[in-house]
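Here are a few short exercises to work through with the model open beside you. Try each task before you read its solution.

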Amino acid sequence: MTYQDVLDWMFSQLPMYQRQGKTAFKKDLTNTLKLAEHLNSPEKNFKSVHVAGTNGKGSTSHMIASILQEAGYNVGLYTSPHLKDFRERIKINGKAVSKQFVIGFINRNMPFFEKNKLSFFEMTVGMAFDYFSKQKVDIAVVEVGMGGRLDSTNILTPEVSVITNIGLDHTQFLGDTLALIAGEKAGIIKPKVPVVIGETQLETKPVFDVTAKTNASKIVYADKLVNKIYKSDMIGSYQIKNIKTAYQTIKMLQTKGYTISDENITQGFLNVVKNTGLLGRWQILNDNPKVVCDTGHNREGLSYVMSQLAMEKFDALHIVFGVVNDKDLSSIINLLPKNATYYFCKPDIPRGKDATVLQYELKDHNLLGVAYNSVSEAYKSALNNASKDDFIFVGGSTFVVAEII
């Protein structure tokens with residue numbers, strides 16, 4: 001099988017939440033535990049930092065990895081979803097896993113995958129852990145896919161557990177209140193493993209405090225402890241919260257014997273993109289007109305992005321916008337600027353919401369624009385219509401951003 005054959009097999013034959021939605025979600029870790037046993041428990045062969053949260057967990061994971069790289073550690077990084085190439089999910093020191101490893105892993109284990117009907121996500125987590133084990137990383141920063149308690153990554157016993165924040169996202173799986181969602185995220189807290197919470201929230205703090213106490217785990221809240229703000233190449237005022245969370249996580253690692261200097265921290269924050277290859281976070285794609293894309297897609301994520309957008313100066317605003325079909329539009333409609341021209345589009349996945357339907361649903365809220373057949377067509381139209389002093393924002397879904405970067 002070629003690399004493309006392997007990807008086609010993984011994407012088409014096995015359920016994947018990001019593409020399919022609810023039918024791909026599994027309610028237990030049975031398959032992951034079976035796979036770990038099949039692979040000789042690779043998760044036990046490397047140290048880790050485990051990062052959950054509704055927003056900012058990807059950015060925070062990349063920041064932590066960047067600082068650890070600056071400190072000279074051999075650092076694994078597992079994140080999801082990818083934007084351009086599947087291999088973005090699994091990196092060591094910013095370098096993506098080789099195509100040969102992906103091909104070899106799938107070929108070697110395909111009978112097991114087929115027999116046990118593993119999901120895309122379960123396979124990918126197994127691949128990442130096997131890779132980190134074989135490459136003998138010093139430490140891996142592992143981002144939770146969704147939730148925490150039942151996420152495939154939750155077979156780790158990390159050095160530090162991290163929960164960035166809690167917002168109303170994936171409510172059909174995780175619960176429809178902040179406290180219920182916090183309960184799922186708190187599932188990554190392990191006995192006697194310290195936990196860093198990024199944001200103190202009235203509804204979620206009691207949940208985290210009780211879970212930490214039950215597990216005899218030290219718990220700290222980064223927003224209450226960190227006053228210094230480091231400069232970062234991660235542009236966007238909303239990154240300040242992630243910087244605080246990453247910094248407090250590094251401080252926790254220092255107490256566990258990791259040698260990380262102030263200079264490592266400073267350089268780590270300044271070189272996140274260079275060190276880890278992160279894409280799609282307030283990423284500037286063009287000047288004159290200025291074009292920015294961002295993967296923020298739920299209420300909290302979009303509110304940060306729209307606050308940043310409000311700080312920009314421009315003559316006219318153009319927004320290339322698409323969502324997935326299970327997106328609760330009512331939760332984000334009031335965040336979207338009415339003084340913009342919209343270019344509605346459907347991300348090219350089965351779960352993408354039809355652009356004409358999206359246009360119709362937002363029309364009643366004075367969010368006006370034209371529906372296009374594809375993301376690229378919508379983007380080209382925005383570029384053609386915008387003058388050099390205008391601003392084009394591309395977002396609404398990770399999958400929209402993936403098609404234009």
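**Exercise 1: a residue in a loop**

Ile189 has a relative accessibility of 5%, so it counts as buried (under 20% relative accessible area is buried, over 50% exposed, in between partly exposed; 1.4 Å probe, protein chains only). Before going on, note that this is a predicted model, in which local features need pLDDT of at least 70 and side-chain atom pairs count only at pLDDT 80 or more, while totals for chains, interfaces and linings use all residues. Residues are numbered from 1 along each chain as its sequence is written, and side-chain values use heavy atoms, with hydrogens and water left out.

Task: find where Ile189 lies and which residues it touches.

Solution.
- Step 1: Locate Ile189 in the loop between helix H8 (178-185) and strand S7 (195-197). Helices (H or I, at least four residues) and strands (E, at least two) are DSSP runs, numbered from the N terminus.
- Step 2: List contacts, meaning heavy atoms within 4.5 Å. Leaving out residues up to four places away in sequence, Ile189 touches Ser161, Ile163, Val195, Phe208, Thr211, Ala212, Asn215 and Ser217.
- Step 3: Check a C-alpha distance: Val160 is 29 residues from Ile189 in sequence and 8.8 Å from it in space.

**Exercise 2: the eight-stranded sheet**

Task: work out the strand order of the open sheet of eight strands, and find its edges.

Solution.
- Step 1: Pair the strands, asking for at least two DSSP bridges between two of them. The order is S4-S3-S2-S5-S1-S6-S7-S8, and the pairing is mixed.
- Step 2: Strands S4 (95-96) and S8 (219-221) each pair on one side only, which makes them the edge strands.
- Step 3: Look at one edge: S3 (residues 90-92) and S4 pair in the antiparallel sense over two bridges, and Ile92 has Lys95 in S4 as its bridge partner.

**Exercise 3: the six-stranded sheet**

Task: describe the open sheet of six strands and the helix H16 that packs on it.

Solution.
- Step 1: Read the order S9-S10-S14-S11-S12-S13, again with mixed pairing. The edges are S9 (283-286) and S13 (369-371).
- Step 2: Take S10 (residues 290-293) and S14 (residues 391-395), which pair in the parallel sense over four bridges; Val291 has Ile392 in S14 as its bridge partner.
- Step 3: Add helix H16 (residues 375-385), which touches S9, S10, S11 (317-321), S12 (340-344) and S14. The direction of H16 makes about 150° with that of S12 (axes are lines fitted to C-alpha atoms, for helices over the stretch in contact, with angles from 0 to 180 degrees between N-to-C directions).
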